[in-house]
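Reader: Hi! I am new to reading protein models, and I would like a close look at one part, chain B. Could you walk me through how that chain is put together and how it sits against its partner?

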Amino acid sequence: MSRPTDDTLEESAARLHVTSKSSGAYETGPMKVVGKSALRLDAVGKATGATKYGQDLFDKKFLFAKVLRSAHPHAEILGIDAGAAKKLPGVVAVLTHKDVPGTNLHGLIRRDQEVLCSKKVRYRGDAVAVVVAKTEEIAVAALEKIQVDYRPLPSVLTMEDALKVDAPKIHAEGNVLGEKHLRRGDAPRAMREADVVVEDTIQTQTVDHAFLDLEAGRARYDGKMLTIEVSGQWLHEERRLIALALGLPLEKLRIIQPATGGAFGGREDISIQIYLGAAALKLKGKMICLRYSRSESTIVRHKRHPIRVHYKLGAKKDGTLVAAQITFYVDKGAYASTGIAVMRKASSHATGPYKVPNVWVDVLGVFTNNNPCGAMRGFGAAQTAIAYEGLMDRLATKLGMDKAELRRKNLVKSGDEVTTGQVVPYATAVECFDAVLKRIDWKNRSYETPAPHLKRGYGISIVCFGLGYGDGFPDASRARCRLTPDGILEVYSGACDVGQGLINMIAQIAAEEVGVPLEKVRPILSDTALTPESGSSSATRQTYFTGSAVHIAASELKKQLQDIAASHLQELVYEIKIENGVAFNIHRPEKRLTLKEIARVGKKRGFSLEAMGVYKPPTMPENTQTGQSMRAFVTYLFGSHACQLLVDTETGEVKIERYIACHDVGKAINPDQVIGQIQGGVAQGIGMALMEEVVMKDGKIMNPGFTDYILPTIRDVPEIECIVMENPDPGGPFGARGVGEPPLIGTGPAILSAIYDAIGTPIRELPATPERVWRALLDH
Amino acid sequence: MKKPAKTKTITSALWSLRFKLNGKKVSTKVPPTQTLLDFLRLELGLTGTKGACLEGECGSCYVLVDGKPMNSCLMLAPQAQDCNVTTIEGLAQNKKLDVIQQKFIDCGAVQCGYCTPGLILAAKALLTETPHPTREEFLVGMEGNICRCTGYNKILRACEQAADEMGLKKK
C-alpha cells in the first residue's frame with residue numbers, strides 16, 4: 001500500500017507550518033525539545049521486561065490477600081461467620097467491616113460505597129471480607145469457608161424497574177442518583193416551528209476498560225507510615241479517600257504508583273488500595289500483596305455507562321438547526337462513582353460542535369443492581385456524540401442534503417456560543433472537518449465495490465470537547481523543578497503516567513523552558529511523599545494543566561539560574577541565556593557557566609535552586625436550572641474523523657477500509673506520542689462501535705474475560721491516517737491543548753455514520769455487531 | 001519449603017523439571033499445577049513475562065518454547081520439560097537490544113508497555129520463521145496479541161522495519 005499510515009515528522013512539520021495560526025505571542029523561535037518526537041524515556045525498560053508494574057512487586061515471602069465478593073446482586077447481610085476460615089492453616093487474618101477503623105466509606109463524588117459491606121450488598125462485585133494468608137491458594141480456599149448469611153432482596157436490573165413507584169430501594173434515598181438539566185431558548189416552540197424534525201432513540205452499551213495490567217500491588221504499615229504501591233489515576237485523591245475510610249491521618253499514608261499498564265478511566269475509582277490498606281493496618285510490619293484475576297477485575301470495576309438517548313432535532317429547510325430536545329437515561333449501576341459528572345458532560349456536550357439556538361436537555365441517572373458505572377475515556381461525551389451525529393445523518397437524508405454540507409453549515413466557529421452559553425474564542429471545528437474531507441476526497445467518493453453483496457459507506461464526525469473537570473470543580477496542577485548539585489534538572493509531579501506518555505510531556509516542557517538537553521532532565525512522578533498534587537490523569541487535562549504547572553515552575557527556576565549566572569559572571573541578567581545546559585551572555589558567549597557550576601555557585605550563595613509552579617485556571621459552576629455557564633470549561637478541543645468501510649450484506653460484517661482522524665492539539669509537545677494517542681483512541685472507538693459489550697444477566701456479567709469480551713486485534717484496526725493540527729491555545733504550555741479523549745469520541749459516530757451510508761438504515765443499539773447489522777438489513 | 005497442608009492434594013507432590021531458559025540449564029522442582037507464567041514470575045523472579053487475560057486470548061504472557069510463541073498462562077510448568085524457553089529477558093544479547101526491541105522503541109510502539117514483551121516475542125518468532133513476511137503473514141503472526149493503547153499501527157511499522165533490517169543484515 002502506498003498510502004501513508006500516519007504522517008512522518010517532516011510531513012507533520014510541513015503541514016503544521018501551513019495550518020498554524022500566526023499569533024505573535026507564540027513566536028518563540030525554533031524550539032529544541034518541544035515539538036520533537038523524542039523517544040519515550042520509559043520505553044527501554046518496558047521493551048526489555050525490566051519495568052516493574054504492580055504485580056511485579058510480589059515476593060513469595062509476602063502475605064497474600066483475597067477479597068470475598070457478594071453472592072447476590074442485592075441482599076441484606078444478616079451475619080458473617082469467619083470462624084472456619086480463620087482456623088484454616090496458613091490464614092493470618094480475616095477482615096470484615098468491623099476491622100475497618102474509619103468511616104468504611106468511599107466514592108469519588110459521593111461517599112456511598114462501603115469498603116467492606118456491613119448491612120447490604122448492592123451488586124455482585126461488592127466486597128464483604130478480606131482474607132490474608134501465607135499463600136494466594138490458601139487465601140482462595142479460606143474465602144470459601146466464610147459463611148455469610150444473606151437475605152436476598154428483589155434485584156433491580158433495568159432502569160424501568162428502578163423507576164417504578166414500588167421498586168425496591170437500592171439506596172436509602174431511592175433509586176435516582178440525580179438529574180441534570182439544560183435550558184437554552186425555547187426548544188419545544190422552536191421544534192413546532194421547524195420545517196423538518198427528526199427523532200430517534202439510541203442505546204449505547206456497557207463497555208469495559210480492559211486495560212491489560214490487572215489491579216495488583218502491595219502495602220505495608222510500619223507503625224508510622226502506611227505505604228501502598230498500587231496504580232491509580234489520582235494518587236492524592238486516593239490518599240484522601242483511603243485515609244477517611246481507614247481513619248488514618250493523611251500524613252501517615254503514602255501512595256506510590258508502580259508502572260501502570262493502561263487505565264482509560266478504569267483506575268479512577270478506588271480499587272485494591274483500600275483493602276490492602278485495611279489489611280496492612282491490621283497486620284503491622286507485614287508486606288501484603290493482592291491481585292485480581294481478569295474475571296474479578298471485570299466483575300468489580302466500574303464501566304462505561306450504558307445510556308439511552310432520545311434525541312429530537314429540528315431544522316429549517318436550508319438545513320440550519322433550530323432546536324434540539326434530548327433526554328438521557330443513564331444506568332448508573334449500584335453506586336454513584338463519577339456518574340453525576342458524566343451526566344453533566346453528556347448534557348453540556350449534547351449538541352457537540354453544532355450551533356443550536358434552542359436546546360433542552362434532561363438527564364436522569366438511575367441506580368440499578370448492575371455494575372457501577374463511572375469514568376471511561378470520553379466520559380459521557382462519547383455516547384452523546386453517537387447520538388448527535390446519528391441524528392445529523394438522519395436529518396441530511398430527510399432534507400436530501402449532503403451530510404457534510406449540513407454539518408459544515410452548523411459548525412461552531414470562533415466567537416460562537418456552545419450549548420452551555422460559553423463563548424468559544426478559538427474554535428477550529430471547520431478547519432479540522434475540511435482537512436478530513438479533503439484527505440478523503442469527499443466530493444469524489446466512490447461507491448463501486450468488488451462484489452454486489454458488498455456495500456460501501458462513508459462516515460464523518462466532528463468533536464467539540466470541553467477539557468478538564470469544568471463547572472467550577474477545583475482543578476489544579478502543581479509541579480516543582482529543582483537543579484541538583486550535579487546539574488540535573490529534576491521535575492516533580494504527582495501526575496500519573498498510565499501509558500499515555502506523561503513522562504515525556506513533562507520532561508520535554510521542562511527541558512525546553514530551562515534550556516537543557518532532554519537527557520539532563522529527571523522526572524520524578526506519582527509518589528505522595530515526594531511529589532506535589534497534580535490532579536487526575538483524566539479529562540484530557542494533564543498536558544494542559546500539569547504541562548502548564550511544569551512550564552511555570554521551570555520558568556521560575558530558570559529566572560533564579562539566570563540571576564545566579566548574572567551575579568557570578570557580573571553580567572546583566574537580561575543578557576543571560578541558557579541553552580543546551582549552559583548559561584552565557586548573548587553578546588559574549590565566552591562568559592559562560594554550566595548548570596553544574598550554577599548549582600555549586602548558587603548553593604554557596606544560599607539560593608534554593610528550586611521553584612514551584614501552580615496552574616489553576618478557574619471555571620464556573622453551571623446554573624442548576626438552565627445548565628448555563630459562562631465558563632463551563634477552560635478550553636475546548638476540536639477534531640474530525642472520516643471513515644470508509646464495506647458492509648457485507650450477507651453476513652453483516654463491517655470492514656473498515658480507510659480511517660482518517662484530524663485533531664487540533666494546540667501544540668504537539670511530542671508529535672509521535674500525539675499520533676499514538678490518536679491511533680489508540682480510534683482503536684478503542686472501533687471496539688466500542690463494532691464489538692465490545694459487557695453482557696449482564698441477573699446482575700451478573702456473562703463475559704468477564706477476553707474469550708467472550710471481544711477486543712480489537714491488529715486485524716480489526718486499519719491504518720489510521722492522522723492529521724495533527726496546531727492552533728495554539730493561550731492557556732496551554734507552548735500552546736498545547738490535549739488529545740486523550742477526543743480520538744475515541746469521534747470514532748464511534750464516524751463508523752456508524754458510514755454503516756448508515758452503506759445500508760441506508762441506522763443501527764440504534766451498540767455495538768454494531770454483524771448480527772445487529774444483518775438484522776437491520778432484514779428490517780430495512 | 002512450606003509444610004504440606006493436612007488435606008493432601010495433588011499439588012503437595014513436586015515434580016522435577018529440567019529445561020533450558022534463556023540459554024541456561026534449569027533444574028528444579030515445581031508443583032505440577034503451577035502455570036509456566038507463575039513459575040517464571042514468582043519462583044524465578046522473571047517478571048518481564050506479563051499475565052493479563054490469563055486465558056490465552058491476549059498474548060501478553062508469550063514466551064518462546066523451542067522458538068514457537070506460547071501462552072505461558074495456559075502452559076503448566078512441567079510441560080516445559082526438555083524444552084528451550086526464551087523470555088523477554090533473554091532476548092537482548094550482551095546488553096545489546098534485539099533489533100525488534102530497538103524498532104519498538106524507535107517507532108513509538110511502546111505505550112503502557114504491558115503488551116510489549118509478548119508482542120516482541122511474537123514478532124521474533126514470526127521473523128525467525130519468515131524473514132520477509134507479507135502484510136497478511138504479519139497479521140497472522142500478531143493477531144494473537146491484544147494491545148489496548150497504540151491502535152497497532154506503530155507495532156506493525158516496528159515489525160516491518162525490523163524485518164527490513166534483519167533482511168539487510170543477512171546479505
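Author: Happy to help; here is a walk through chain B, followed by a short visit to chain A.

This is a predicted model, in which local features need pLDDT of at least 70 and side-chain atom pairs count only at pLDDT 80 or more, while totals for chains, interfaces and linings use all residues. Residues are numbered from 1 along each chain as its sequence is written, and chains are lettered from A and ligands numbered from 1 in the order in which they are written.

Let us start with the broad layout. Chain B is divided into domain 1 (14-90) and domain 2 (99-170); such bounds come from an automatic or database domain assignment. Taken over C-alpha atoms, the centres of these two domains of chain B are separated by 21 Å. Their contact takes 15 residues from domain 1 of chain B and 13 residues from domain 2 of chain B, where two residues are in contact if their C-beta atoms, placed from the backbone, lie within 7 Å.

Which elements does domain 1 of chain B bring to that contact with two or more residues each? They are β3 and β4 of chain B, and β3(B) supplies the largest share, three residues. Strands here are DSSP runs (E, at least two residues) and helices are DSSP runs too (H or I, at least four residues), numbered from the N terminus. By class, this side of domain 1 of chain B has eight nonpolar, five polar and two charged residues. Nonpolar covers Ala, Val, Leu, Ile, Met, Phe, Trp, Tyr, Cys and Pro, charged covers Asp, Glu, Lys and Arg, and the others, Gly among them, are polar.

Now for the sheet. Five strands of chain B form an open sheet in the order β2-β1-β5-β3-β4, with mixed pairing; two strands pair if DSSP finds at least two bridges between them. At the edges stand β2 (24-30) and β4 (68-71) of chain B, each with a single partner strand, so one side of each has no neighbour in the sheet. From one strand to the next, the twist averages 40°. Strands β1 (residues 15-21) and β5 (residues 84-86) of chain B pair in the parallel sense over two bridges, and B:K20 has B:N84 in β5(B) as its bridge partner.

A helix joins this picture: α3(B) lies across β3 (62-65) and β4 of chain B, running at about 30° to β3(B). Axes are lines fitted to C-alpha atoms, for helices over the stretch in contact, and angles run from 0 to 180 degrees between N-to-C directions.

Next comes the partner. In all, 43 residues of chain B are in contact with 48 residues of chain A. On the chain B side, the elements giving two or more residues are α2 (99-106), α3 (116-129), α4 (135-142) and α5 (153-170). The largest share, five residues, comes from α5(B). This side of chain B divides into 23 nonpolar, eleven polar and nine charged residues.

Finally, a glance at chain A itself. Chain A is divided into domain 1 (54-153 + 221-291), domain 2 (303-471 + 621-779) and domain 3 (476-615). The C-alpha centres of domain 1 and domain 2 of chain A lie 37 Å apart, and their contact takes 17 residues from domain 1 of chain A and 20 residues from domain 2 of chain A.
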